[in-house]
Amino acid sequence: FGASPASAAAIISEFSPASTTEWVELLNTDQVSSVSLTNHEIRNNSGTTLKALSGTIPKGGFLTFEFPAGSLTNAGDCLFLWNGTSNIYSVSYGTGSCTGGTFTVSGAPGSTQTGALINSSWTNIDSTPSRGWCNDSTGGCPTIATIVTEINAVGVKTNLDSQSDYTKTSGIKIVLFIAAF
């Protein structure tokens, strides 16, 4: 099953198998180039394709894919990110017995928890899923308030701080005011 996770720019960075809307978040670890998800799939341990992926993850960015409730096994499984015929990243959780699983989450996340890659280690996080955002618990991730402050400081106005789901871009406005000289 396996390519080294270091060879993959796109990795699984967070997942929620027991929430009403289940989801898997991908992170592009490449800070220079975007990653096309053409021919990529998310599969489970039995080899079933859970979702054929499409789109592009911007450099250093995130892309989240939703699944109907019950698509991901609540008690445990493996999630694999495939590119064509190669597994490029995988994580097991809970009672999942994995063939070729690369990383392991010690338990199965509950309905208000996610399995998340935090500071290069897989863990469960309670009640603070960061869907579509970085999982760094050391303060290395800027808050939305910090981003808005920095944007406003250079004369750009935005409604970014009024969004409730940052995995969707519709409704975000950024207005640049240019002073005439």
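## Strands 8 and 9

In this predicted model, strand 8 and strand 9 (residues 86–94) run antiparallel and are joined by eight bridges. The two strands make a hairpin in which two residues lie between them, and Gly84, in the turn, has a positive phi of about 65°. Two of the pairings can be named: Asn83 stands opposite Ser86 in strand 9, and Cys78 has Ser92 of strand 9 as its bridge partner.

Both strands of the hairpin are mostly covered. Strand 8, which spans residues 76–83, has seven of its eight residues buried, while in strand 9 seven of the nine residues are buried, so that strand 9 is largely enclosed by the rest of the structure.

## Pairing beyond the hairpin

Each strand of the hairpin also pairs with a further strand. Strand 8 runs antiparallel to strand 4 (residues 40–43), with four bridges joining the two, and here Trp82 of strand 8 is the residue that stands opposite Glu41. Strand 9, for its part, is joined by three bridges to strand 10 (residues 103–105), and this pair runs parallel; Tyr93 stands opposite Val105 in strand 10.

## The salt bridge at strand 4

A search of the whole structure finds one salt bridge, and it is formed by the side chains of Glu41 and Arg43, with an N to O distance of 2.8 Å. Glu41 is thus a residue with two described partners, since it meets Arg43 in the salt bridge and stands opposite Trp82 in strand 8. Arg43 has a relative accessible area of 18%, and because the cut-off for a buried residue is under 20%, Arg43 counts as buried.

## The largest nonpolar core

The largest nonpolar core holds 24 residues, and those touching the most other members are Ile12, Phe15, Val24, Leu26, Leu79, Leu81 and Trp122. Two or more residues of this core come from each of strand 1 (10–16), strand 2 (22–28), strand 7 (62–67), strand 8 and strand 9. In soluble globular proteins, nonpolar side chains tend to be buried together.

Val24 illustrates how residues from distant parts of the sequence come together at this site: when residues up to four places away in sequence are not counted, Val24 touches Ile12, Glu14, Phe15, Ile42, Leu63, Thr64, Phe65, Phe67, Leu72 and Leu79. Among these contacts, Ile12, Phe15 and Leu79 are also listed with the core members that touch the most others.

## An exposed loop residue

Lys59 lies in the loop between strand 6 (56–57) and strand 7. With a relative accessible area of 53%, Lys59 is exposed, because the cut-off for that class is over 50%. Leaving aside neighbours within four places in sequence, the contacts of Lys59 are Asn28, Asp30, Gln31, Val32, Ser33 and Ser34. Lys59 and Ala9, which are 50 residues apart in sequence, are separated by 9.3 Å from C-alpha to C-alpha.

## The protein as a whole

The secondary structure of the protein comes to one helix and 14 strands, and 39% of its 181 residues count as buried. Among contacts with a separation of 6 or more, 48% are accounted for by residues 24 or more positions apart. The accessible surface comes to about 9300 Å², and carbon and sulfur atoms contribute 53% of that area.

Key: Residues numbered from 1 in each chain as written. Predicted model: local features only at pLDDT ≥ 70, side-chain atom pairs only at ≥ 80, totals over all residues. Heavy atoms only, no water. Salt bridge = Lys/Arg side-chain N within 4 Å of Asp/Glu carboxyl O. Buried < 20%, exposed > 50% of the residue type's maximum accessible area, 1.4 Å probe, protein only. Pairing = 2+ DSSP bridges. Core = buried A, V, L, I, M, F, W, Y, C linked by side-chain atoms within 4.5 Å. Contact = heavy atoms within 4.5 Å. Areas by Shrake-Rupley, 256 points an atom, 1.4 Å probe, with all protein chains shown as cover.
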